[in-house]
Structures are given as structure tokens and as C-alpha cells.
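Here are some exercises to work through with the model open beside you. Try each task before reading its solution.

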Amino acid sequence: MRADLEIIQDWIPAGSRVLDLGCGDGELLAWLRDHKQVTGYGLEIDPDNIAQCIGKGVNVIEQDLDKGLGNFASNSFDVVVMTQALQAVHYPDRILEEMLRVGRQCIITFPNFGHWRCRWYLARNGRMPVSEFLPYTWYNTPNIHFCTFKDFEAMCRDMKMKVLDRLAVDHEHRHNLGSRLWPNLLGEIGIYRVSGPSVLESRIAI
């Protein structure tokens with residue numbers, strides 16, 4: 001399983017109901033079903049990924065995340081997951097509100113635009129960063145809302161969301177002392193578990 005999904009699965013209780021937004025080929029949901037007796041659905045828009053989900057026996061719905069989650073009732077899932085898609089939706093705050101409406105907790109991953117390589121590239125070249133991890137140019141990228149860890153956590157405070165867990169990892173999803181001490185500078189990817197204000201947990205692990 002993909003390294004980021006391996007981290008995420010540790011935060012998902014056995015037997016829970018999971019909604020995976022932008023589920024790709026259904027790898028996470030298939031693994032959770034087979035190893036942790038998890039049930040749920042994936043939302044995906046790419047036809048090839050949908051076909052692979054069906055081949056894995058994963059419940060998948062063709063749906064554009066920007067159109068919201070109005071087809072799901074409030075509190076219908078224990079965990080809602082969205083990996084590497086927050087920066088690609090038009091209204092990140094709205095989709096997060098919807099995620100917390102339909103689920104008790106949410107797990108979100110996104111690239112950190114405050115990473116030192118991004119800062120250095122922009123300072124040195126005066127152009128938007130292009131790398132192996134972020135290979136698109138500014139005019140053809142699907143990523144339209146880049147943010148830093150500090151930006152995301154400020155939004156969480158504004159929306160009264162609680163950060164229950166967080167990890168700052170590199171592009172191979174490893175974390176070390178440096179990314180623990182200076183996550184906004186040395187972390188390339190953020191992995192967050194959040195809840196609405198009604199959940200009383202407050203543990204934060206970097």
C-alpha cells in the first residue's frame with residue numbers, strides 16, 4: 001500500500017464506516033475492508049480509476065467533489081478521508097465543512113507550499129516552483145489552492161475545527177526530528193486528522 005495510506009490506516013478504527021473522497025483506484029478502501037472490516041464508499045471522477053475500484057469490489061460513486069456531499073446524510077460516516085485533493089478543489093473550506101457534516105472525523109493530506117525547496121526555488125528563479133513532486137507549471141496545474149501548514153491550521157481555527165493528530169513528512173512519507181521541530185519549513189506533505197468542535201479529543205502528535 002502507498003506510504004501515506006499506510007500512515008492513514010493507523011488512524012481508522014476497525015469496523016468503522018469510511019468515505020474516501022477522490023479515492024483513486026480504491027487501494028485504501030480495499031485494504032481497510034480486507035484487514036480492518038471497514039465498510040464505506042469512495043468518490044471518484046476519473047473513469048479508469050472507477051473501473052479499477054469496481055474490479056477490486058470497492059463501492060464507488062462517480063462524483064465531482066466541488067458539487068458537495070449533499071447526497072449523504074449528516075453523521076453517516078465515522079471517518080472521511082481526502083488525500084492530495086484539498087489543493088485541487090475550488091472551495092476547500094466548503095468541502096471541509098461538508099466532510100465534518102457527514103463524518104465524525106476527517107483525515108486530510110496536502111502538499112506544503114511553505115517547504116524550504118519551494119521558498120528557495122521562488123527566491124532564486126522568481127517563478128512558481130516545478131519539481132518531481134509538483135511537476136505542473138502554473139497555467140496547467142490541477143492544483144489551484146496551495147497552502148502551508150500554518151495556513152491550514154489558521155483555517156482550522158477560523159472554522160472551529162480541532163486538530164487531533166498531524167504529521168509533517170517528506171515526499172517519501174518519512175518524518176524525522178527536523179520535520180517535528182520545524183514542520184512548516186521541512187515538511188513536504190501534511191497529514192492531518194481533524195474533528196468539529198463537539199469532539200473533545202485534543203491530542204496532537206507531530
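**Exercise 1.** Find which residues of helix H2 (residues 27-36) are buried, and what they pack against.

*Solution.* Start with accessibility, where buried means under 20% relative accessible area, exposed over 50%, and partly exposed in between (1.4 Å probe, protein chains only). In H2 the buried residues are Leu 28, Leu 29, Ala 30, Leu 32 and Lys 36. An α-helix has 3.6 residues a turn, so residues three or four places apart point the same way. Next, look for contacts, meaning heavy atoms within 4.5 Å. The buried residues of H2 pack against helix H1 (3-9) and three strands: E1 (17-21), E2 (39-44) and E4 (77-83). Finally, step just past the helix: Gln 37 has a positive phi of about 55°.

Before you go on, note that this is a predicted model, in which local features need pLDDT of at least 70 and side-chain atom pairs count only at pLDDT 80 or more, while totals for chains, interfaces and linings use all residues. Residues are numbered from 1 along each chain as its sequence is written, and side-chain values use heavy atoms, with hydrogens and water left out.

**Exercise 2.** Determine what caps the N-terminal end of helix H3 (residues 47-55), and check the backbone of the glycine that follows H3.

*Solution.* Helices (H or I, at least four residues) and strands (E, at least two) are DSSP runs, numbered from the N terminus. At the start of H3, the cap is Asp 46, with a side-chain oxygen 3.1 Å from the backbone nitrogen of Asp 48. After H3 comes Gly 57, and its phi is positive, near 75°.

**Exercise 3.** Which side chains make polar contacts with the side chain of Arg 193, and is Arg 193 buried or exposed?

*Solution.* First place the residue: Arg 193 belongs to strand E7 (residues 189-195). Its relative accessibility is 7%, so Arg 193 counts as buried. Then search for polar contacts (pairs of N or O atoms within 3.5 Å; within protein, one must be able to donate a hydrogen and the other to accept it, and residues adjacent in sequence count only if both atoms are side-chain atoms). The Arg 193 side chain has such a contact with the side chain of Gln 105, at 2.5 Å, and another with that of Asp 165, at 2.4 Å. As a last step, compare sequence with space: Ile 8 is 185 residues from Arg 193 along the chain, yet their C-alpha atoms are 8.9 Å apart.

**Exercise 4.** Repeat the analysis for Arg 166: where is Arg 166 placed, and which side chain does it contact?

*Solution.* Arg 166 sits in strand E6 (residues 162-169). With a relative accessible area of 19%, Arg 166 is buried. Its side chain makes a polar contact of 2.3 Å with the side chain of Glu 153.

**Exercise 5.** Locate His 173 and list what it touches, leaving out residues up to four places away in sequence.

*Solution.* Go to the loop between E6 and helix H7 (177-181), where His 173 lies. His 173 is buried, at 18% relative accessible area. Under the sequence filter, it touches Ala 3, Asp 4, Ile 7 and Ile 189. For contrast, try Thr 137: 36 residues separate it from His 173 in sequence, and the C-alpha distance is 23 Å.

**Exercise 6.** Now zoom out: how many helices and strands are there, and what share of the residues is buried?

*Solution.* Counting the runs gives 8 helices and 7 strands. Of the 206 residues, 48% count as buried. The C-alpha trace spans about 50 × 40 × 30 Å along its principal axes.
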